[in-house]
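Open your viewer and get ready to make some selections. We will go stop by stop, and at each one I will say what to pick and what is there.

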Amino acid sequence: MLPDPSALAIVIPAHYACAGVAFFCAVVALVGYQRLTYRAFSICCLCVGGTQIGQAEYYTAQTVEQAAASIKLQTGMWLLVIPQLFLFIGAYTRQVRIAPWYAGLCVVFGVLVVANWMMPVGLRFESLRMADPLVLPWGETLARFQGESTAIGTFARLLIVPIVVWAAIRTWRHYRAGYRRAAILLGIYLALQVASMVHGRLIDHGILQSFYSAGFAFMALMLVMSVNLLLDLVQRSAQLKHALTDLQASTALREAAEHREHELAFTDTVTGLPNRNKFREEALRLFAAAHHEKSDLAILLLDLDHFRHVNDALGHDVGNGLLRQVAGRLTQANAGQAFLANLGGDGFIAMLNIPAGTPAEEAEMRARALASNLQGALAGEFAVGTHRLHIAASVGIAFHRGSVETGYTTFKNAEMAMYEAKARGRRAIRVFQPQLAEAVARRLRIQDGLRAAQQRGELVLEYQPVVAADLRTASLEALVRWHSAELGRVSPAEFVPIAEQTGDIHPIGAWVLDTACAQIGAWTRSGVRFGAHVAVNISPWQLMQDEFVAQVQAALVRHGIQPGQLMLEVTESALLFNLEDCIERLHQLRDLGIKVALDDFGTGYSSLHYLHQLPLDTLKIDRTFIVRIGDADGRLLVGGIVNMAAHLGLSVVAEGVETAAQCDILRELGCHYIQGYFACPPVGDGALRDFLARSPRD
Ligand code: C2E
Ligand code: MG
Ligand code: MG
C-alpha cells in the first residue's frame, strides 16, 4: 500500500524534529562541559539524534535493505547511548567510583556495536521482511518490517535491566540525599523510558499496533536536563552573587580589621594622634626626604608644664581627658603645617619641613611662630568633667640638617632645648644651642642629687624677717636651702621648679612644713620673739593634693603650735590649676586659723580677676615692682597695688627691698611691711637670734 501523500505527517517529521532538538541539546549541554554530567549528556544527545534519524528512515524505508540499514543505525546508536546514559546517571546522582563500571560497559557495548555492524540486518533481527504498513488515525502511513529476534539482541536487552534497576536505586538515594527536584525529574524520565521500552517490545511482538515511543521518551530526558541546566545556572549565578557578596563583606571586614590594627599600632589611644611608632616611621621618611631635597627640618618638642600633678591630684581619667583636649587644640593650631604626634603622656612632637634655601633666621622664625601658635592654643581654660583647668607648655626646638643618621641627635637636642625651656619657667620656647648641653647636664645632676639630698640632711631652712615700717620684726619667711655635696649651694629658684616637675616637691614640701613648725614650737618654748608668724612657701602642687589640709593640721598638732603662728605663701600659679579646689582648700586652712599670703603678686596672670575670691590675709608685691619703684611709673603701680590691698582689707609686704630709698618710698605709699636685704637677708637660726636681739622692740 502506497502512502497517501495528502495525509497529515506527524510521526516522521516529529522524529526528524527530535533529532534536531537532540543535536541542538548536545551543543547546548556543552555550556556546562566542565561537569561530567553535561559532557555525558551531550554525548547521549548525539547518539539519540542518530536513533531518531534511524527511526524516521525506518518508517520511510521502501525496501528491506533500506529498513535493515536504518535498524542497524538505530540499534548501533542505542547501544552507544547505554554506557553514556550510565555515566550520565552516575554523575547526576553523584555515584562514586563510576569510572571502572563505565569502562566495563564501554567494552561490552562496544563489542555489541561491532556485532551490530557486522550482522546483515543488525543485532535485533535474524532476517527481515516487509509487513503491512501502519496507517495512523490521521492518515499517516508508516512502513513496518518484521523478523526473528536474535539471541544476542535479547542478551543486549537483558543487560539493560540491571542498569535500569541500578538507575532507579540511584534516583531514590539521590532523592533521600536531599536533591529532591533533580531526583524527581530523573525518576520521571526513567519511568517514561522503561514504559517506552515495554511499549516497543509489545510492538515487536505484534501485540500492539503503534509507532515506537522510545525515541520520544528520551526527549523527556532532554527536557529534564534543559530545565535542570537552567535551574542550575540560575542557582549557580545566585550562589556566585551570594559568594561575591560574602567575599565583599569579608574583604571589607578584613580591611576594617587591618585598618583598625594599623590604627591601634600607630595611634595614641588617649589623644588619637599618631603615636611614637608612627613618629619613628614618619621621622625616617621625613629625614630621608629632607636629605634628598637638601631641605631642613625643625623638630619641636612640646611638653605640658606640671602635667604630672594633674594626674597625681585629680586622677588619670581627668589627666587623659585633658590630654585629649590638648591634642585637639594642638591639631587645630598646627593646621596641617607640621607632622604632629604624641610621644606618650604629655609629650608632643611636631616636625616642620623648611624648604631648601630658606635662610637660618627665617627658618627659626617659622619654627618659633609654630611653637607659639601651639602654646597659644592652650591658653584658654579646659573643662574636664567638673574641673576647670589651665595648662601651659614648654617647647624645645632643634634644626635638622644632614643625613638620617644624625636625626637622633637632633631629637636629643630638641629634648635638651625643651628641658631648658622648662627650667626657665612655664610657657617658654627655647631653640637648641650647643651650650645648652651643659645646662641640661646640670639639670639632670640636680634632679638626681635632690633625691638623696633629704636623706643626707643637705636641706636646711633659713629665715628672713619681714619688718614693719618702724623696722620691728613682724614675722619671718622660711626659705629652703640646699648645700649639695657635689654641686655646692643650689638656689631654690633653680631646684624647686625641677622638684616640681619630678614630683620630689611633695617630700621636700612636707619636710619644710614640718621643720618650720618644729622651729616655731622650739622658739615659742624658748621665748624667741620672731613676730606674729612664720611664712612657709607652698608649691602649687602641694595645694592640689587632697590630703594637704590634713597634713598641715597634723604638723600643727605634732609640734604644739597655734594655727595663727603659721602663714602659707601661695603663688598665683597655684590658682591656675583647678581654681575651685584650691580656693576651697585655702578656705579650710583659713578656717583652722592659718594665715594665707599671695606671693610674687603681679607676676602671674589675670591676678585682679580672682583676687576678691581668694581667702587672703596678705599680699606680697614681687621684687620686680620694687626694683622699678624709683621711676614714676613703678611708683604709681606699687601705690595702686597698696591702695587696692587696703581696699580689700589685706596687709601688704614689699619683697626684695634693698635700699633705704626704696624703704622710704614704700613707707610714703603706705606699705605696711617690707622684706629684703635692706632689713636682713635670709639667715640661719644663730644669725637670726642676733638680728632679733638687735632689732627694735615694742
Ligand atoms: P619667694 O618666696 O618670693 O622668696 C623670696 C626670695 O627673694 C628668696 O629667694 C629670698 O632670698 C629673695 N630675697 C629676699 N630679699 C631679697 C633682696 O633684697 N634682694 C634680692 N635680690 N632677693 C631677695 P630664694 O630663697 O632664692 O627663694 C627663691 C624662691 O624659691 C622663693 O621665692 C620661693 O618661691 C621658692 N622657695 C624658697 N623656699 C621654698 C620652699 O621651702 N618651698 C617652696 N615651695 N618654694 C620655696
Ligand atoms: Mg615666698
Ligand atoms: Mg616672692
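Helices (H or I, at least four residues) and strands (E, at least two) are DSSP runs, numbered from the N terminus. This is a predicted model, in which local features need pLDDT of at least 70 and side-chain atom pairs count only at pLDDT 80 or more, while totals for chains, interfaces and linings use all residues. Residues are numbered from 1 along each chain as its sequence is written, chains are lettered from A and ligands numbered from 1 in the order in which they are written, and side-chain values use heavy atoms, with hydrogens and water left out.

**Stop 1: the second largest pocket**

Select helix H5 (151-176), helix H3 (64-92) and helix H6 (180-204); these are the elements that give two or more residues to the lining of the second largest pocket. A pocket here comes from a 1 Å grid over the protein atoms alone: it is an open set of points where a 1.4 Å probe fits, with protein on both sides within 12 Å along at least five of seven lines, and lining residues have an atom within 4 Å of a point. Which helix gives the most to this lining? H5 does, with eleven residues.

Now show Trp78, Ile82, Arg157, Ile160 and Met197, which lie nearest the pocket's centre among its 35 lining residues. The volume is about 810 Å³, taken as the space filled by probe spheres set on the points, with grid points joined across faces, edges and corners. Colour the lining by class and you will get 23 nonpolar, eight polar and four charged residues. In this scheme Ala, Val, Leu, Ile, Met, Phe, Trp, Tyr, Cys and Pro count as nonpolar, Asp, Glu, Lys and Arg as charged, and the others, Gly among them, as polar.

Before leaving H5, click on Arg176, which belongs to this helix. Is Arg176 buried or exposed? Arg176 is exposed, at 60% relative accessibility; buried means under 20% relative accessible area, exposed over 50%, and partly exposed in between (1.4 Å probe, protein chains only). Draw a C-alpha to C-alpha distance from Arg176 to Gly593: the two are 96 Å apart in space and 417 residues apart in sequence.

**Stop 2: a covered strand**

Next, select strand S3 (residues 296-304), where nine of nine residues are buried. Both of its faces are covered, with Asp296, Ala298, Leu300, Leu302 and Leu304 on one side and Leu297, Ile299, Leu301 and Asp303 on the other.

Add the strands that pair with S3; pairing requires that DSSP finds at least two bridges between two strands. Strand S5 (residues 347-354) runs antiparallel to S3 over eight bridges, and in S5 the bridge partner of Leu300 is Ala350. Strand S8 (residues 393-400) also pairs with S3 in the antiparallel sense over eight bridges, with Asp303 standing opposite Ser394.

Then pick Ala392, in the loop between strand S7 (387-389) and S8. Ala392 is buried, with a relative accessible area of 3%. From its C-alpha to that of Arg427 is 5.6 Å, although 35 residues separate the two in sequence.

**Stop 3: the largest pocket**

Move on to the largest pocket, with a volume of about 1,500 Å³. Of its 49 lining residues, Pro492, Ala493, Thr571, Asp599 and Asp600 are the closest to the centre. Helix H14 (residues 492-502) gives the most to this lining, with six residues. Domain 2 (276-434) and domain 3 (457-694) each supply at least three lining residues; the domain bounds come from an automatic or database domain assignment. By class, the lining has 18 nonpolar, 16 polar and 15 charged residues.

**Stop 4: two magnesium ions**

Keep Asp599 on screen and show ligands 2 and 3. Which residue coordinates both magnesium ions? Asp599 does, and the ions are 4.1 Å apart. Asp599 is buried, at 5% relative accessible area.

Around ligand 2, the protein donors are Glu477 (OE), Asn537 (OD1), Glu569 (OE) and Asp599 (OD), at 2.0 to 2.2 Å. Donors are N, O and S atoms within 2.8 Å of the metal (3.2 Å for Na, K and Ca); water is not among the atoms, so sites may look incomplete. Asn537 lies in strand S13 (residues 534-537) and Glu569 in strand S14 (residues 566-571), so this pair ties together parts that are 32 residues apart in sequence. Asn537 is partly exposed at 28%, whereas Glu569 is buried at 2%.

Around ligand 3, look for Asp599 (OD), Asp600 (OD) and two OE contacts from Glu655, at 1.9 to 2.5 Å. Along the chain these donors follow the spacing D-D-x54-E. Asp600 is partly exposed, at 24% relative accessibility.
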